[in-house]
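Reader: I should like to learn how to read the features of a structure that is new to me. May we take them in turn?

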Amino acid sequence: MAKVTPPAGKSGALPPNDDIGEAKRLELYRLQVLLREAEQRAFDLFLQNQIKGTSHLSLGQEAIAAGCAAAMQPGDLSFCTYRGHAHTLARGVPVEKVLGELMGRDNGLMRGKGGSMHLTSVEHGVMGSYAIIGAHIPIACGAAWRAQYKGASDVSVCFFGDGTTNIGAFHEGINYAAIHKLPVVFVCENNLYMEYTPIADVIPVKYPAADRASAYGLERILIDGNDADVVYRTMLKAFAKARAGEGPSLIECLTYRHSGHSRADPAKYRPEGELEKWKQRDPIKIYRERLKSFDFPDETMAAIDAEIKKIIDDATTACQAAPTTSTDILFTDVYADGGWAWRN
Amino acid sequence: MAELTYRDAVARAIAQEMTRDENVVFLGEDVAKAGGVFKATVGLLDKFGPKRVIDTPISEQAILGAAMGAAMTGLRPIAEIMFADFIAVCYDYIANEFPKTRYMTNGQVGCPLVVRCGGGGGSRFGAQHSQCIENWVMQFPGLKVVSPSSPIDVIGLLAAAVRDDDPVMFLEHKSLYATKGEVPDGEILDRLGTAKILRAGSDATILALGMMVPRSVAAAERLQAEYGVNVEVVDVRSLVPLDTQCILGSVAKTGRLFTVEENPRVLGWGAEVVSIVADEAFYDLDGPPIRITTPNIPLPAADQLEDMAIPSVDRIVATIRKSLAA
Ligand SMILES: Cc1ncc(C[n+]2csc(CCOP(=O)(O)OP(=O)(O)O)c2C)c(N)n1
Ligand SMILES: [Mg+2]
């Protein structure tokens with residue numbers, strides 16, 4: 001597991017040779033706070049029954065979404081799972097559009113047609129959130145194939161969980177990307193659990209992605225997924241490799257979800273103390289302390305916190321005021337002609 | 001006699017069969033320690049242990065493939081595919097392997113297993129977690145298809161499915177898991193291929209399945225109370241084998257046929273039933289058979305959109321009234 005490595009230099013200030021830099025660090029902090037607060041708001045709105053259906057939150061896993069998004073270029077493509085709010089927001093999709101979708105409002109990203117598990121915003125490079133485990137791994141390969149075919153420089157990034165490494169599509173997709181040296185980065189967010197069952201119960205190795213990388217001729221990459229700097233640096237390397245035509249990377253990020261698997265899950269199956277232990281390694285706490293150690297003044301962080309809080313509050317108000325989706329869209333976009341007719 | 005939920009009925013049925021026959025084993029994702037994501041299999045691990053109640057990886061092909069190999073060689077596996085929609089990722093077993101083995105091997109190899117899954121809408125889960133998939137599975141000769149609407153039928157039909165020598169798709173409905181019904185004590189065993197007349201009537205026949213059954217009963221009650229229309233409601237329960245006798249008998253009595261189907265319209269089970277009625281009982285009909293279905297669209301997530309898509313009590317009542325008045 002990669003060590004948490006704050007940049008060398010005299011403590012109390014950003015070193016002159018810092019590879020991340022002040023602006024990026026503040027962006028990483030801001031993104032993580034945004035994701036945390038947006039997910040927390042989604043959770044609160046569920047409790048108030050203002051959001052129906054299901055939801056899968058990334059509370060505790062923010063460093064991965066933030067670190068990846070901060071390393072991506074405009075035009076790079078994200079392929080997310082049902083646990084996709086954070087990855088969608090991290091690419092710059094407005095909070096209002098995400099919350100609106102969760103609330104089934106007309107201002108939602110897909111006007112309520114897709115819901116929480118299918119957030120998609122092509123203009124932000126979010127090529128979809130997929131709710132059938134593993135489906136998007138070969139799909140991301142296809143998008144990367146198009147880039148290779150066309151000589152385009154974009155990279156496709158595919159996010160999935162530990163449990164997803166046991167489905168055929170994972171092995172088929174990773175092998176396919178490896179043999180064609182496709183510009184795709186596979187990011188396995190190992191949060192220790194599938195739905196309610198620990199990943200450790202169903203694999204013969206310790207690390208579900210990293211320990212299998214060699215089977216596809218890929219480097220074993222296992223990192224601290226709660227440290228946004230580590231994620232960011234690892235992603236930069238993977239992107240450079242992909243853009244240089246040297247093929248895919250498979251990155252396993254160790255992390256932990258603070259909430260249950262989904263709205264329905266109180267997560268009673270976790271051993272006592274496990275959550276508390278991981279909260280000591282809360283990615284936002286880690287990052288705030290990092291910034292402090294570099295002498296970023298408290299006010300800088302407080303200003304970001306306040307800005308985010310206002311964004312979330314304004315988005316919530318806007319969604320609550322937005323009309324529910326008009327039912328005339330029930331029959332649109334089934335086919336490319338915009339309608340649903342299959343017979344005359 | 002006890003009041004039981006549909007979800008508790010699942011666990012009771014599996015326990016009943018596991019107690020009766022040590023060859024019955026049960027596997028699926030999150031089914032053992034967690035008791036299932038729909039909490040329909042709580043307590044089975046404690047009762048029967050990890051050798052017979054197995055948490056699997058997220059590997060639907062391995063689940064169904066292993067179930068088949070075990071079934072071919074003497075076990076009686078019950079496999080859970082959590083959401084019915086996920087059947088698509090292991091469709092080979094359902095389309096090519098289970099149903100064709102007996103035929104291709106000239107009767108040498110059978111596949112006595114049950115695949116349970118939770119399907120259907122009403123939960124605002126969107127297009128990939130809400131589907132009714134009867135029409136994905138009833139087209140394969142060799143495969144049986146059952147879908148209960150009440151706790152007592154869950155037990156009786158699941159027991160019958162486990163004891164059946166053919167592969168059986170057992171389609172539970174997610175929106176029914178919390179519903180309750182009276183269930184007698186002791187062993188319960190029903191018969192596949194039998195429909196149930198839930199409400200006798202003389203003016204029209206409704207055929208329904210799964211969550212459409214309680215909605216159809218409610219619609220029939222309203223038609224009676226508000227409009228004096230006397231509707232017979234038949235819970236089809238088993239699509240393969242199909243109780244054609246019961247269906248044709250009801251149509252002969254009422255002269256009007258309505259199917260209420262949650263699946264999208266094209267190739268829904270009602271299409272097959274209507275074609276049978278047209279072939280075999282055309283002159284019993286006093287009007288066109290009418291199919292009330294979800295339109296041919298993927299299901300939307302937002303609540304008001306989903307409610308508009310799936311047949312509601314209002315839509316059933318309005319369609320039947322309009323048609324009988326015509
Ligand atoms: C093919 C398929 N099987 C099962 C499921 C149900 N399911 C949804 S999420 C999940 C657990 C996934 O675990 P993991 O890959 O670790 O991702 P996490 O939810 O922890 O982010 C399961 C089993 C599904 N959506 N698709
Ligand atoms: Mg996981």
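**Reading local features**

Author: Let us begin in chain A, where Ala267(A) sits in the loop between strand 6 (249–254) and helix 8 (274–280). Please note that this is a predicted model.

Reader: What is the sign of phi at Ala267(A), positive or negative?

Author: As a general idea, most residues other than glycine have a negative phi. In the present case, phi of Ala267(A) is positive, near 60°. Ala267(A) counts as buried because its relative accessibility is 9%, and the limit for buried is under 20%.

Reader: Which value does phi take at Leu267(B), and is that residue buried or exposed?

Author: Leu267(B), not a glycine, has a positive phi of about 65°. Its place is the loop between strand 13 (257–264) and helix 9 (269–281) of chain B. With a relative accessibility of 69%, Leu267(B) counts as exposed.

Reader: Which residues are joined by a cis peptide bond?

Author: In general, most peptide bonds are trans. Here, a cis bond with omega of about 0° joins Val240(B) to Pro241(B). Pro241(B) belongs to the loop between strand 12 and helix 8 (244–254) of chain B.

Reader: Let us turn to the metal. Which protein residues are donors of the magnesium ion (ligand 2)?

Author: The magnesium ion (ligand 2) has as protein donors Asp162(A) through OD, Asn191(A) through OD1 and Tyr193(A) through O, at 2.1 to 2.2 Å. Their spacing in sequence is D-x28-N-x1-Y. Asp162(A) lies in the loop between strand 3 (156–161) and helix 6 (168–179) of chain A, and Asn191(A) in the loop between strand 4 (184–190) and strand 5 (221–224), so this pair ties together parts that are 29 residues apart in sequence. Asp162(A) and Asn191(A) are both buried.

Reader: How many salt bridges are there over all chains?

Author: A salt bridge is read from a side-chain nitrogen of Lys or Arg within 4 Å of a carboxyl oxygen of Asp or Glu. The count over all chains comes to 37. One of them pairs Asp229(A) with Arg25(A), whose closest N and O atoms are 2.7 Å apart. This pair links distant parts of the chain, 204 residues apart: Asp229(A) is in helix 7 (residues 228–243) and Arg25(A) in helix 1 (residues 21–47) of chain A. Both Asp229(A) and Arg25(A) are buried.

Reader: Which salt bridge does Asp190(B) form?

Author: Asp190(B) meets Arg237(B), with an N to O distance of 2.7 Å. Asp190(B) is in the loop between strand 8 (180–183) and strand 9 (196–199) of chain B, while Arg237(B) is in the loop between strand 11 (231–235) and strand 12 (238–240), so the pair ties together parts that are 47 residues apart in sequence. Asp190(B) is partly exposed, at 23%, whereas Arg237(B) is buried, at 2%. As for shared partners, salt bridges join Asp18(A), Arg25(A), Asp227(A), Asp229(A) and Arg290(A) into one network.

Reader: Finally, what does the side chain of Ser130(B) reach?

Author: The side chain of Ser130(B) reaches the backbone oxygen of Gly126(B) at 2.7 Å. Ser130(B) is located in the loop between strand 5 (114–119) and helix 5 (134–137) of chain B. Its relative accessibility is 1%, and therefore Ser130(B) counts as buried. Beyond four places away in sequence, the residues that Ser130(B) touches include Asp85(B), Lys174(B), Glu262(B) and Glu306(B).

Key: Residues are numbered from 1 along each chain as its sequence is written. Chains are lettered from A and ligands numbered from 1 in the order in which they are written. This is a predicted model: local features need pLDDT of at least 70, side-chain atom pairs count only at pLDDT 80 or more; totals for chains, interfaces and linings use all residues. Side-chain values use heavy atoms; hydrogens and water are left out. Donors are N, O and S atoms within 2.8 Å of the metal (3.2 Å for Na, K and Ca); water is not among the atoms, so sites may look incomplete. Helices (H or I, at least four residues) and strands (E, at least two) are DSSP runs, numbered from the N terminus. Buried means under 20% relative accessible area, exposed over 50%, partly exposed in between (1.4 Å probe, protein chains only). A polar contact is a pair of N or O atoms within 3.5 Å; within protein, one must be able to donate a hydrogen and the other to accept it, and residues adjacent in sequence count only if both atoms are side-chain atoms. Contact means heavy atoms within 4.5 Å.
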